[in-house]
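Open the model in your viewer and keep the selection box handy. We will go from stop to stop, with something to pick at each one.

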Amino acid sequence: MSSILIVDDEKDIRELIADILKDANYPVRLAGTSDDCMAEINLEPPSLIILDIWLKDSRMDGIDILKTVKRDNPDVPVVIISGHGNIEIAVAAIKQGAYDFIEKPFNIDQLMVVVSRAMETSRLRRENFELRRKDITSGEILGISPAIKTLKARLEKVTKSNGRVMLTGPAGSGKEMAARFIHINSSRASAPFISVASATIEPERMEEVLFGRETADRGIEKGLLEQGHGGVVYFDEVADMPLGTQSKILRVLTEQQFTRVGGTDKVRVDLRVISSTTRDLQLEITAGRFRQELYDRLNVVPIAVPSLEERREDISELTRYFIDLLHRTQGLPLRELSEEAEAMLQTMPWPGNVRQLRNVIERVLILGEGAGPIEARELPVQEALSGDGNSLVLGGALATLRLREAREVFEREYLLTQVNRFGGNISRTASFVGMERSALHRKLKSLSVVTTVKSGGRMARLEEDFDGIETDESEVM
């Protein structure tokens, strides 16, 4: 059990409260001035603070301490006590975030009821935080492909610093998971992770959502930046942030402080900022939709998150993970994956990336055919198949070609698909398609198929599509 911090300038009062709480088996700490109070909080945040509103010979009074605690340790409940209490002080304390208000001379039974409830609130907050953290940390970046190994290596390097990271990659590729990986493996793992979905916040409300607001009737309402103090703030699709907000975020990054909407006090925050985008921000800057200065501040460490197309080797592992996850969280059937279904998943187009893969698996499990292995016919394949599922229905363009030309088109597309399925590994591709490795090399060369390095892995492409990406000649010659 964590301790209760009692702050009162009158020694007799704080010792009386301490004796009462000790009799109830609560560990306590004492402070007689604001400096002593802040020193105790900085040493170790307590589970509860009992705080006198008037502190003689102190730099800060109770309301000032309350504001600081609610800013830096928002989960710590504060009970205000005062011998000069009135309704205005009570209202002011509650508006600033106090858990409750007790007037001196206090009733011991009343004090114990308030303390008991406040400690229960503190315990539940800690337990909820731990549960949320375990839920987050139970996830990991899955995969064995070269592309995902490269991503993990880069992410692990940035966890050791507080540098700002810009994650780029297509929608659904797992940029938020990469941001969470950085958070849970950093020194800020025990602090909040705040995700800001820039595209879903109305532009006129963006500043209130980020910075919070102060009003006479509702007091202080904390924004996302204040809620994330000490932790990580993740700006998802930062290109959707309004230009006016961009300039204010730039100031926050520079000064680590801001003013709430409608307020005058400066709010200090300690944040690590991670951002992501699916767009080319250089084009957005040229078009006047994104500030160059903000880009320079955010893009300290750029990291590309690969698409699912670049890591097809990981599709089987991801699929089995989603099957198990959906079984545990939604009670959907725990099914195996047939070889045919596995091969089809590895060769299907995935414009929606990992997010689309999960959606497909969830749909199959909901609409599935019993509890047996998932079969290829259950998958929403893009290619049209005949009724028996064993022959392709030819498209118009292919049907107009002569046999030799059609065979070359088929071989090229088939081998492109298989090489990419096995992550550019020619030996594994040759084994699967039933060819000698040297024969497969010759066939790929005759079909103008090359493998190129991208995101740490190899991908097969047509030679005429080669765009300057490093080529692994040992794999194509």
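Of the contacts in the chain with a separation of 6 or more, what share comes from residues 24 or more positions apart? They account for 68% of those contacts. Keep in mind as you look around that this is a predicted model.

**The whole chain**

Start with a cartoon view. The chain has 19 helices and 16 strands. Of its 477 residues, 45% are buried.

**Stop 1: helix H2**

Select residues 34-43, which form helix H2, and show side chains. Pick out Ser34, Cys37, Met38 and Ile41, which are buried. These four cover an arc of only 90° around the axis, so they sit on the same side of H2. A reminder about helices helps here: with 3.6 residues a turn in an α-helix, residues three or four places apart point the same way. Now add strand E1 (4-7), strand E2 (28-31), strand E3 (48-52) and helix H3 (62-72), which are among the elements covering the buried residues of H2.

**Stop 2: Asp57**

Move on to the loop between E3 and H3, where you will find Asp57. Is Asp57 buried or exposed? With a relative accessible area of 79%, Asp57 is exposed. Check its backbone too: phi is near 55°, a positive value in a residue that is not glycine. Most residues other than glycine have a negative phi.

**Stop 3: Glu237**

Next, select Glu237, in the loop between strand E10 (232-236) and helix H10 (243-255). Glu237 is not a glycine either, yet its phi is positive, at about 50°. As for its surroundings, Glu237 counts as buried, at 10% relative accessibility.

**Stop 4: Thr159**

Go to the loop between helix H6 (146-158) and strand E6 (165-168) and select Thr159. Its relative accessible area is 9%, so Thr159 is buried. Which residues touch Thr159, leaving aside its neighbours within four places in sequence? Show Phe181, Ile182, Asn185, Ser186 and Arg272, which are in contact with Thr159.

**Stop 5: helices H13 and H15**

Colour helix H13 (residues 315-330) and helix H15 (residues 353-367). They pack at an angle of about 55°, with their axes 10 Å apart, and are therefore oblique to each other. The crossing is right-handed. To see the contact, show Ile315, Leu318, Thr319, Phe322, Ile323, Leu325, Leu326 and Gln330 on H13, together with Val354, Leu357, Arg358, Ile361, Glu362 and Leu365 on H15. Colour this contact by class and you should find 10 nonpolar, 2 polar and 2 charged residues.

**Stop 6: helices H17 and H19**

Now do the same for helix H17 (residues 403-421) and helix H19 (residues 437-446). The angle between this pair is about 125°, and the axes are 10 Å apart. H17 and H19 are therefore oblique to each other, and H17 passes H19 in a left-handed crossing. Glu411, Leu415 and Val419 of H17 make the contact with Leu440, Lys443 and Leu444 of H19. By class, the contact of H17 with H19 holds 4 nonpolar, no polar and 2 charged residues.

**Last stop: Thr417**

Stay on helix H17 and select Thr417. With a relative accessible area of 27%, Thr417 is partly exposed. Finish with a distance label from Thr417 to Met459: these two are 42 residues apart along the chain, and their C-alpha atoms are separated by 9.7 Å.

Definitions and conventions
Residues numbered from 1 in each chain as written. Predicted model: local features only at pLDDT ≥ 70, side-chain atom pairs only at ≥ 80, totals over all residues. Heavy atoms only, no water. Axes fitted to C-alpha atoms, helices over the stretch in contact; angles between N-to-C directions. Helix = DSSP H or I, 4+ residues; strand = E, 2+ residues; numbered from the N terminus. Parallel < 35°, antiparallel > 145°, perpendicular 65-115°, else oblique. Left-handed = near helix turned anticlockwise from the far one by under 90°. Contact = heavy atoms within 4.5 Å. Nonpolar A, V, L, I, M, F, W, Y, C, P; charged D, E, K, R; others polar. Buried < 20%, exposed > 50% of the residue type's maximum accessible area, 1.4 Å probe, protein only. Arc of directions from axis to C-beta.
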